[in-house]
Amino acid sequence: MLPDHILRWVVDAIDPDASLVAEQKLQGGISSLVSGLTLRVNGVERAVVLRQFDNAEWVRDEPDLALREAESLRRAAQALSLQTPRLVAFDKTGTQCGAPTVLMTRLEGEVVLEPNNMTQWLDGMAEALTRIHAVDASDFPWKYKTYCDVSTLDTSSWSQIPDKWQIASNIVQGSRPVVTERFIHRDYHPTNILWKGEEVSGIVDWVNGCVGPAGIDVGHCRVNLAQLYDVSTADAFLSAYQSHAGASFSYDPYWDLVSLIDFAYWEPEVYGGWTALGMTGLTKQMMIERLDSYLVSLLNRFS
């Protein structure tokens with residue numbers, strides 16, 4: 001249960017006369033504490049999400065997390081025909097809540113990791129991503145950066161093809177392709193996409209929003225799909241995105257390699273968000289084999 005002072009902060013942000021109806025911990029996130037709250041205001045129930053950045057190391061490295069997510073939510077709200085959480089309030093430094101905190105509306109829908117119709121699932125995710133990339137972010141202050149130092153990549157402890165990973169590292173350390181930068185989610189993958197029936201009902205988790213290459217969002221999602229399923233599924237998502245984006249997107253496998261190395265820099269594990277949401281049957285060895293296979297497919301695109 002949340003402490004009284006945090007609940008008081010939530011109530012005051014919504015309506016001083018609101019009353020708490022229900023509280024639950026939400027599954028899927030592994031880097032912060034996320035709670036779902038239902039409050040009653042003048043006889044009407046209102047569902048909100050409270051995100052507390054309780055990872056001290058992350059907050060130390062990025063003390064503006066709450067502010068960044070708040071501003072990303074405001075900017076994402078400009079996406080046409082796409083539901084994103086609406087910002088209710090935020091505690092930038094944690095002076096009121098004990099940790100940097102963001103309060104936002106809760107969207108309807110649920111995460112789907114094992115769809116009945118794979119083609120429709122991939123197409124829905126791809127189409128939603130193009131709407132994010134259409135948002136004007138020319139003045140957005142947060143800029144894309146990689147998660148690791150590519151020059152120190154070493155996969156020899158786990159990969160069967162460390163020499164090919166070194167080739168990928170050399171490519172990424174070369175000159176970057178010139179691209180038109182977009183507003184990007186930066187953590188776009190299936191556990192951050194909600195569904196109602198066969199339709200995308202919303203996109204969540206906006207703390208990493210920034211300005212950068214559209215290929216980073218596409219590439220990040222593709223790595224997740226390659227691990228969850230296989231290379232052909234990742235390729236099908238790329239094709240779907242290209243179909244929806246049209247001439248506004250020029251594919252370059254460079255950004256796929258950058259995204260892949262963000263994952264391979266640390267020894268692969270099964271993502272905890274997948275298991276928390278009920279995904280079973282995945283193993284560490286499968287992650288290793290699938291990352292190696294995906295790497296080979298990307299290097300073939302440079303030949």
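Begin by selecting helix 4 and helix 6, whose crossing is right-handed; a crossing has this hand if the near helix is turned clockwise from the far one by less than a right angle, and is left-handed if anticlockwise. The model is a predicted one, in which local features need pLDDT of at least 70 and side-chain atom pairs count only at pLDDT 80 or more, whereas totals for chains, interfaces and linings use all residues. Residues are numbered from 1 along each chain as its sequence is written, and side-chain values use heavy atoms, with hydrogens and water left out.

**First stop: helix 4 against helix 6**

Helices (H or I, at least four residues) and strands (E, at least two) are DSSP runs, numbered from the N terminus. Helix 4 and helix 6 pack at an angle of about 155 degrees, and their axes are 10 Å apart. Here axes are lines fitted to C-alpha atoms, for helices over the stretch in contact, and angles run from 0 to 180 degrees between N-to-C directions. The two helices, helix 4 and helix 6, are therefore roughly antiparallel to each other; angles over 145 degrees receive that label, those under 35 count as roughly parallel, 65 to 115 as roughly perpendicular and the rest as oblique.

Display next the side chains of Trp121, Leu122, Met125, Leu129 and His133 on helix 4, together with Ala214, Asp217, Val218 and Leu225 on helix 6, which make the contact. Contact means heavy atoms within 4.5 Å. By class, the contact of helix 4 with helix 6 divides into 7 nonpolar residues, 1 polar and 1 charged. Ala, Val, Leu, Ile, Met, Phe, Trp, Tyr, Cys and Pro count as nonpolar, Asp, Glu, Lys and Arg as charged, and the others, Gly among them, as polar.

**Second stop: Gln120**

Stay on helix 4 (residues 118-133) and select Gln120, which has its place there. Gln120 counts as partly exposed because its relative accessibility is 32%; buried means under 20% relative accessible area, exposed over 50%, and partly exposed in between (1.4 Å probe, protein chains only). Leaving aside its neighbours within four places in sequence, Gln120 is in contact with Trp195 and Glu198. A distance monitor from the C-alpha atom of Gln120 to that of Ser138, 18 residues along the chain, should read 32 Å.

**Third stop: helix 6 against helix 7**

Return to helix 6 (residues 214-228) and add helix 7 (residues 231-245); the pair packs at an angle of about 150 degrees, with axes 8 Å apart. That angle makes helix 6 roughly antiparallel to helix 7. The crossing of helix 6 and helix 7 is right-handed. Helix 6 contributes Ala214, Val218, Cys221, Arg222, Leu225 and Ala226 to the contact, and helix 7 contributes Thr233, Ala234, Asp235, Phe237, Leu238 and Tyr241. The contact of helix 6 with helix 7 has 9 nonpolar, 1 polar and 2 charged residues.

**Fourth stop: the sheet of 3 strands**

Select strands 6, 8 and 9, an open sheet in the order 6-8-9 with antiparallel pairing. Strand 6 and strand 9 stand at the edges with a single partner strand each, so one side of each is left without a neighbour in the sheet. Two strands pair if DSSP finds at least two bridges between them. Strand 6 (residues 110-111) and strand 8 (residues 193-196) pair over 2 bridges, and Val111 has Leu194 as its bridge partner in strand 8. Strand 8 is joined to strand 9 (residues 199-203) by 4 bridges. Leu194 is partnered by Gly202 in strand 9, and Ile193 by Ile203. Strand 8 and strand 9 form a hairpin with 2 residues between them, and Gly197 in the turn has a positive phi of about 65 degrees.

Now select Asn192, in the loop between strand 7 (182-184) and strand 8. Asn192 counts as buried because its relative accessibility is 5%. Not counting residues up to four places away in sequence, Asn192 touches His185, Asp187, Gly202, Ile203, Val204 and Asp205.

**Last stop: the sheet of 5 strands**

Finally, select the open sheet of 5 strands, with the order 1-2-3-5-4 and antiparallel pairing. Its edge strands are strand 1 (19-25) and strand 4 (87-91), each pairing on one side only. The twist averages 20 degrees from one strand to the next. Strand 3 (residues 44-52) and strand 5 (residues 101-105) pair over 5 bridges, and Val49 stands opposite Met104 in strand 5. Helix 3 (residues 65-76) packs on this sheet and touches strand 3, strand 4 and strand 5; its direction makes about 165 degrees with that of strand 4.
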